[in-house]
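User: I'd like to go through this one by asking what stands behind each label. Could you show it first?

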Amino acid sequence: MTESYDALRGTAGKVGLTHLALRCHDTTATAKFYQAVCGMSIVHEREGDGMPVYWFSARPLGIDFVLVLLSGGEEGPAPRTDHLGFTVESRADVDRVAAKARELGILQYEPQDSGPPVGYWTIIRDPDGNWVEFSFDQDIRF
């Protein structure tokens, strides 16, 4: 199995870590925690799965990184949404990652454009089933 993952080596080109998305029981309560305790600021908010989705910028901490809080922290059949997010240099890089992941049977989501600030993205699965997102044009420099 390891050899098949080696086939992905270099497919994305140059990458950079952009975000970590966490599932939460109560995104609003968790948002208040990260504001008060970590000094992070909300830079994007929208509705999703019955509660707000928050993007927190780590820019006040001197880091171009975003913490995304999503609903779905409950146990049960709800789909996983927690993931690591990496940025790539072009849409073509996103497409190459998706194509290779499709070949390997580890593609979770086909590439799609969600507009700003989310950008063009795809999600693949690691050997444990964890999600890894590759995106282009994701605005994290708030």
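Analyst: Sure. Let's start just after helix 3, where G105 takes a positive phi of about 75 degrees. Keep in mind that this is a predicted model.

User: What about the helix before G105: how do you know that the span of helix 3 agrees with what it should be?

Analyst: Helix 3 covers residues 91-104, which is 14 residues. At 1.5 Å a residue these should span 20 Å, and the end C-alpha atoms are 20 Å apart, so the two values agree.

User: Which residues of helix 3 are buried?

Analyst: D93, V94, V97, A98 and A101 are the buried ones there.

User: And why do you say they line one face of the helix?

Analyst: Looking down the axis of helix 3, the buried residues fall within an arc of 135 degrees, so they line one face. The cover over them includes strand 5, strand 6 (107-113), strand 7 (120-125) and strand 8.

User: What makes R91 a charge over a ring?

Analyst: R91 lies over the face of Y120, at 3.7 Å from the ring centre. The distance limit for that label is 6 Å, so 3.7 Å falls within it.

User: On to the rings. How many aromatic pairs are there?

Analyst: Searching the whole structure gives five aromatic pairs. One of them is Y54 with F56, at 6.4 Å centre to centre and 50 degrees between the planes.

User: Why is the pair of Y54 and F56 called tilted?

Analyst: First, the centres must lie within 6.5 Å, and 6.4 Å meets that. Stacked needs planes under 30 degrees apart and edge-to-face needs over 60. At 50 degrees the pair fits neither, so tilted is the label.

User: Are Y54 and F56 buried or exposed?

Analyst: Both labels come out as buried: Y54 has a relative accessible area of 7% and F56 has 0%. The cut-off is under 20%, so each value qualifies.

User: What makes F86 and F134 a stacked pair?

Analyst: Their centres are 5.9 Å apart, with 25 degrees between the planes. Since stacked means under 30 degrees, 25 degrees earns that label.

User: How do you know that this pair links distant parts of the chain?

Analyst: F86 sits in strand 5 (residues 83-88) and F134 in strand 8 (residues 131-136), and they are 48 residues apart.

User: Why does F86 count as partly exposed, while F134 is called buried?

Analyst: F86 has 21% relative accessibility. Buried stops under 20% and exposed starts over 50%, so 21% lands in between. F134, with 11%, is under the 20% cut-off and therefore buried.

User: Is T87 buried, exposed or partly exposed?

Analyst: T87, also in strand 5, counts as partly exposed at 25% relative accessibility. T87 is in contact with K14, V15, G16, T18 and S135, leaving aside neighbours within four places in sequence. S135 is 48 residues away along the chain, yet the C-alpha atoms of T87 and S135 are separated by 4.9 Å.

User: Back to Y54 and F56: which residue joins them in an aromatic cluster?

Analyst: That is Y34, which forms one cluster with Y54 and F56. Y34 lies in helix 2 (residues 27-38), and at 18% relative accessible area it is buried, because the limit is under 20%.

User: What does Y34 touch?

Analyst: Not counting residues up to four places away in sequence, Y34 touches L22, G39, M40, F56, L67 and L69. For L67, which is 33 residues away along the chain, the C-alpha separation from Y34 is 9.2 Å.

User: Why is D137 called exposed?

Analyst: D137 has a relative accessible area of 57%, and exposed means over 50%, so the label holds. D137 belongs to the segment after strand 8 and has a positive phi of about 65 degrees although it is not a glycine.

User: How do you know that the bond joining P116 and P117 is cis?

Analyst: Omega is about 0 degrees at that peptide bond. P117 is found in the loop between strand 6 and strand 7.

User: Finally, what does the secondary structure of the chain come to?

Analyst: Three helices and eight strands, in the pattern α-β-α-β-β-β-β-α-β-β-β along the sequence. Of the 142 residues, 41% are buried.

Methods: Residues are numbered from 1 along each chain as its sequence is written. This is a predicted model: local features need pLDDT of at least 70, side-chain atom pairs count only at pLDDT 80 or more; totals for chains, interfaces and linings use all residues. Side-chain values use heavy atoms; hydrogens and water are left out. Rings of Phe, Tyr and Trp (its six-membered ring) pair if their centres lie within 6.5 Å; planes under 30 degrees apart count as stacked, over 60 as edge-to-face and the rest as tilted. Buried means under 20% relative accessible area, exposed over 50%, partly exposed in between (1.4 Å probe, protein chains only). Helices (H or I, at least four residues) and strands (E, at least two) are DSSP runs, numbered from the N terminus. A charge sits over a ring if NZ of Lys or CZ of Arg is within 6 Å of the ring centre and within 35 degrees of the ring normal. The expected span of a helix is 1.5 Å times one less than its number of residues. The arc is that of the directions from the helix axis to the C-beta atoms. Contact means heavy atoms within 4.5 Å.
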